[in-house]
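Please open the model in a viewer and keep the sequence at hand. The tour below proposes selections in turn and describes what each one shows.

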Amino acid sequence: MLSRRAIVASGVFAPALASFSIARAQASPHTIEELSAPPVDRDAALSPNGKFIALASTRRIDENKDDSSITIIPADNPEKTLTVLPLGDRDIANVTWASDRRLLITLVIPLRRGGPSIGTRLASTSDPDERPKARRVLAIDMDGKNSVMLFGNDQMLREVPDLGDIVDLLPDDPDHILVKAANFSAGIYCLYKVNILTGEPELFERGTLKTRRWLTQAGVPVVRYDYNDRGTVQTIYVRAPGEAAWRFFRKLRGDQQSKAEFEFIGAAPQPGVMLALAPQGDDGALALREFDLRTLALGKTLAGKPNRDAEWVLRSRKGELMGVAFIEDRLTYQFTDPRMESVYRGLNRYLGDVCNIRIFDISDDGMRFLARVTGPREPGTLYFYDRVTKRFDGIGQAYPTLTPERLAPMETLSVRTRDGATITAYLTIPLAPGPRPLVVFPHGGPELRDHYDYQTFVQVLAAQGWLVLQPNFRGSGGYGKAFADAGRKRWGDRMQEDLEDAVAHVLASGRADPKRVAIAGASYGGYAALQGAVRHPDLYKAVVSIAGDCDLVESIAFSRMQDGPDSPSYLYWLETIGDPAKDRDMLRAASPALHAEKVQAPVLLIHGLEDVIVAPKQSRIMQSALKSAGKSVELIELKDVGHRDLREEHWNLVYSRTVQHIAKALA
């Protein structure tokens with residue numbers, strides 16, 4: 001691993017990125033094992049006064065043992081180490097400063113069959129699709145003294161899995177924080193005010209069995225989220241300062257795409273006012289707006305861009321708004337301080353304008369911050385910046401064994417579709433020369449998006465010598481509601497046509513071998529792969545669908561059964577996929593399992609047996625249909641795996657079997 005001194009001495013990785021193309025012919029790509037290795041430097045945190053950095057690291061000793069630690073670094077001299085706090089064989093989730101001298105370290109213990117009996121009575125997670133984990137928070141002074149496990153003297157420590165959901169650091173109360181946890185005796189979730197010096201909890205706020213989140217203002221809960229069992233429907237309650245009772249505000253979908261409708265971000269400086277992402281304008285792009293908890297009305301717009309959704313906000317430790325993040329192709333910000341805009345542009349130039357700089361921790365005076373830098377050839381480096389000295393120091397690497405010259409670069413493509421629209425796609429180019437095989441890799445959602453950044457699966461595919469194409473077809477998120485609406489009830493045609501037009505764009509360039517094209521994806525991307533094989537059996541030579549739908553009528557029925565006919569989730573899918581009562585013919589035409597006889601390419605299906613988002617039944621339906629049609633198909637089912645909670649061993653299996661399947665077909 002490069003030391004911090006070596007990172008600084010090399011001038012940060014990015015200035016050399018422009019010269020990487022010179023060495024491409026000599027570089028060999030990374031192996032699957034190298035690409036799928038766990039991260040080393042996991043997280044970093046800057047003390048409120050900006051004087052100290054805590055770096056959380058976990059190094060693999062062998063396949064059954066890790067060695068974790070927290071390194072305390074003086075911000076005035078980031079090449080030095082003040083002290084190292086050893087944590088042994090513990091998995092670190094994150095680290096933060098409770099005060100200028102005291103740290104909070106969140107530790108994770110996976111709960112598996114035959115594993116620890118800790119906290120098995122109730123799985124406390126905001127995502128029911130994820131396997132439960134025991135999270136614990138260790139409070140410790142920066143010199144390693146006075147360590148205490150929060151809830152350490154309570155029965156909850158022995159029984160409740162998740163005691164690591166910190167809701168509020170309470171900056172004005174240096175001895176306490178707010179933590180969400182299950183209360184077994186009452187059968188509900190509660191907020192606890194926990195003393196970080198003694199670990200002792202005090203009941204602070206009662207929720208319900210379905211409560212998964214709270215947002216606070218000045219240390220008082222003002223927004224509460226309750227979820228259904230599947231995590232697909234969220235009910236939002238609000239309570240203005242001084243009010244005793246919660247008021248119902250809104251029901252929304254509870255999945256990753258729900259912020260396209262509305263999302264609270266946090267508290268505004270004014271009492272009773274929150275910050276929210278909400279659509280505005282003809283394109284319906286998400287803007288940052290004020291929200292009045294008393295009137296339940298949206299107020300003035302603080303930041304927004306045409307045809308681009310606001311993604312998240314950058315705030316100081318005390319809640320001051322510093323900037324709003326957007327994704328063009330790379331990450332950008334609208335800063336409240338114009339001087340930060342100049343700093344950000346300068347750092348991007350220094351990094352060659354090929355990376356994303358995500359600022360995530362700012363000192364109280366706003367003069368120092370930490371950032372995580374990623375890009376197609378930069379899997380993740382942690383940096384410290386001082387606005388006074390203008391030093392930009394590398395302090396840690398997530399994947400120190402991965403080198404930029406052995407990773408594949410990415411290009412941004414502007415694709416003209418057959419009906420005159422324009423979409424963006426990203427093409428990752430392997431190190432091997434000449435016309436290469438092409439793997440189309442549509443994203444999931446579908447109301448998510450790809451952007452110019454590092455992605456392990458893409459690099460795994462590119463390491464085999466394959467071009468990798470990621471189109472942001474209409475129906476994707478991030479470009480405003482109007483762009484997403486253009487894919488409503490068009491799963492089987494327009495969204496597929498956009499994929500096909502992106503493929504045609506690459507083939508016309510002469511860089512891809514038209515006789516060696518494959519398609520692979522997960523979730524919606526898995527559906528798109530199967531539907532692509534139905535629509536163009538002559539184009540695709542191999543197909544991989546990971547947790548993908550194949551029978552859309554059955555998908556709608558599953559949502560209705562799980563969530564209810566009046567739920568926002570079910571109504572969303574009626575609008576997005578189609579209504580069997582009105583659109584049955586369209587849904588059948590767009591269901592790959594009903595047209596399996598058209599598929600020519602061998603198909604690999606992979607599905608987690610605990611998936612509650614896309615039922616494992618979907619892949620079994622597709623397998624049965626392909627077998628009945630006499631087609632080549634293999635189904636791999638993963639035990640104890642949901643829709644998004646694959647562990648390292650599962651990803652290794654998915655990567656290797658996907659590569660084997662495609663390589664055999666393209667040979």
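Two strands pair if DSSP finds at least two bridges between them; strands (E, at least two residues) and helices (H or I, at least four) are DSSP runs numbered from the N terminus. This is a predicted model, in which local features need pLDDT of at least 70, side-chain atom pairs count only at pLDDT 80 or more, and totals for chains, interfaces and linings use all residues. Residues are numbered from 1 along each chain as its sequence is written, and side-chain values use heavy atoms, with hydrogens and water left out.

Select first β29 (residues 422–428) and β31 (residues 467–471), which pair in the antiparallel sense over 4 bridges. Here Ala 425 stands opposite Pro 471 in β31.

Next, extend the selection to the open sheet of 8 strands, whose order is β28-β29-β31-β30-β32-β33-β34-β35 and whose pairing is mixed. At its edges lie β28 (410–416) and β35 (633–638), each pairing on one side only.

Now add helix α7 (residues 494–508) and helix α8 (residues 524–535), which pack at an angle of about 80° with their axes 10 Å apart. Axes are lines fitted to C-alpha atoms, for helices over the stretch in contact, and angles run from 0 to 180 degrees between N-to-C directions. The two helices, α7 and α8, are therefore roughly perpendicular to each other (angles of 65 to 115 degrees).

To see where they meet, display side chains including Met 495 and Leu 499 in α7, and Tyr 524 and Tyr 527 in α8; contact means heavy atoms within 4.5 Å.

Note on methods
Angles under 35 degrees count as roughly parallel, over 145 as roughly antiparallel, 65 to 115 as roughly perpendicular and the rest as oblique.
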